[in-house]
Amino acid sequence: MDVRDWGTFLLPYEQTVEELKVKFKTMRSELKKREEYTPIEFVTGRVKRLSSILEKAKRLNVKMEDLETGIEDIAGIRIMCQFVEDIRRVAEYIRARKDLEVLYEKDYITNYKESGYRSFHMIIRYPVQTALGQKIVLAEIQIRTLAMNFWATIEHSLNYKYRESLPDEMRVRLKTAAEAASILDSEMSSIREEILEAQKTFEENSNTTTQLLKAIHQLYFYHLVNEAIESQERFNAIWQAQDMDAMRELLDHVRALLSNAKKGSEPDGL
């Protein structure tokens with residue numbers, strides 16, 4: 001009977017998941033700022049439940065003393081993408097990283113499982129700095145589209161309910177659903193440019209609106225009360241009409257007022 005302290009055993013895996021989540025979320029933010037588009041939609045992570053670890057060890061005939069090398073997904077990261085094409089790009093970014101080592105990959109997109117499961121898996125070695133020194137931890141990174149993730153989440157829940165013995169009718173329906181999800185991904189890829197352009201336009205319009213409202217508020221700071229009230233009234237009318245060209249013109253006008261006000265408030269040179 002294994003009498004180890006399981007809480008202590010899982011600590012490096014918990015730290016690994018938290019660190020990798022931060023790193024991939026930071027990658028997402030950086031790509032967003034650099035390229036205005038990021039292939040990473042969002043990132044999640046989890047440490048496998050102890051009961052799931054023991055069940056998998058039993059299924060794979062992994063001895064308790066070999067859990068750290070025999071079970072590769074105790075620490076798990078999921079990276080969700082909008083498009084199938086983004087998955088390959090994210091994998092390239094991960095391969096290029098110097099803070100982890102990719103041991104091998106499993107392409108369940110090109111070679112999807114009989115059940116219909118699709119995803120791209122990367123098994124990595126990750127050096128985590130614990131209170132007792134460095135420890136090398138195995139972790140699994142799964143990269144999926146949103147549609148793939150939706151299907152996999154449902155399938156996982158059903159497998160858990162039926163203890164890996166899904167009724168035949170359920171298997172058929174799940175496989176049909178997986179094919180539908182794959183068709184959805186293909187359709188989204190076919191109109192990728194239109195989707196990205198729409199998202200970019202939304203982002204630009206949202207930023208313009210935010211900048212304008214902040215600029216109007218700044219007018220009060222320079223005691224330009226009448227100008228602020230007038231600009232707010234113009235904004236309200238433009239917002240109702242959803243005229244973004246007029247919104248940008250108003251933003252330029254308010255910025256000009258602020259620029260003149262700032263020059264007027266500067267002390268005269270000596």
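These are my notebook entries on what I looked up in this structure.

**Before starting**

I am working with a predicted model, where local features need pLDDT of at least 70, side-chain atom pairs count only at pLDDT 80 or more, and totals for chains, interfaces and linings use all residues. I count residues from 1 along each chain as its sequence is written, and my side-chain values use heavy atoms, with hydrogens and water left out.

**Entry 1: helix α8**

I began with helix α8, residues 225-241 (helices, H or I with at least four residues, and strands, E with at least two, are DSSP runs numbered from the N terminus). Helix α8 has 17 residues and reaches 25 Å from its first C-alpha to its last, close to the 24 Å expected at 1.5 Å a residue. The expected span is 1.5 Å times one less than the number of residues in the helix.

Which residues of α8 are buried? I found Ala228, Ser231, Phe235 and Ile238. They cover an arc of only 90° around the axis, which puts them on the same side of α8. The arc is taken from the directions that run from the helix axis to the C-beta atoms. For burial I used these cut-offs: buried is under 20% relative accessible area, exposed is over 50%, and partly exposed is in between (1.4 Å probe, protein chains only).

I then turned to the face of α8 that points away from its buried side, and there I noted the exposed residues Asn226, Glu233, Gln240 and Ala241. After α8 comes Gln242, with a positive phi near 55°.

A reminder to myself: an α-helix has 3.6 residues a turn, so residues three or four places apart point the same way.

**Entry 2: helix α2**

I tried the same check on helix α2, residues 50-59, where Ile53, Lys56 and Ala57 are buried. Their arc around the axis is only 100°, which puts them on the same side of α2. Lys58 and Arg59 are exposed on the other side of α2.

**Entry 3: aromatic pairs**

How many aromatic pairs does a search of the whole structure find? It finds six. The rule is that rings of Phe, Tyr and Trp (its six-membered ring) pair if their centres lie within 6.5 Å; planes under 30 degrees apart are stacked, over 60 edge-to-face, and the rest tilted.

I looked at Trp6 and Phe9, an edge-to-face pair at 5.4 Å centre to centre with 85° between the planes. Both lie in helix α1 (residues 6-35), three residues apart, about one turn of the helix. Trp6 and Phe9 are both buried. The rings of Phe221 and Tyr222 are edge-to-face too, because their centres are 5.1 Å apart and their planes stand at 90°. Phe221 counts as exposed at 62% relative accessibility, and Tyr222 as partly exposed at 21%. I also wrote down one aromatic cluster, formed by Trp6, Phe9 and Tyr13.

**Entry 4: salt bridges**

Side chains of opposite charge can pair when their charged atoms come close. I counted a salt bridge when a side-chain nitrogen of Lys or Arg is within 4 Å of a carboxyl oxygen of Asp or Glu. The whole structure holds 16 salt bridges.

In helix α1, Arg34 and Glu30 sit four residues apart, about one turn of the helix. They form a salt bridge whose closest N and O atoms are 2.8 Å apart. Arg34 is exposed, with a relative accessible area of 64%, and Glu30 counts as partly exposed at 40%.

Next I checked Asp73 and Arg46, a salt bridge with its closest N and O atoms 3.9 Å apart. Asp73 lies in the loop between α3 (67-70) and β2 (75-81) and Arg46 in strand β1 (residues 42-47), so the pair ties together parts that are 27 residues apart in sequence. Asp73 counts as buried at 7% relative accessibility, while Arg46 counts as partly exposed at 30%.

My last salt bridge was Lys175 with Glu114, at 2.9 Å between the closest N and O atoms. This pair links distant parts of the chain, 61 residues apart: Lys175 is in helix α6 and Glu114 in the loop between β3 (101-107) and β4 (120-130). Lys175 is partly exposed at 28%, and Glu114 counts as exposed at 63%. I noted, too, that salt bridges sharing partners join Arg46, Lys48, Lys56 and Asp73 into one network.
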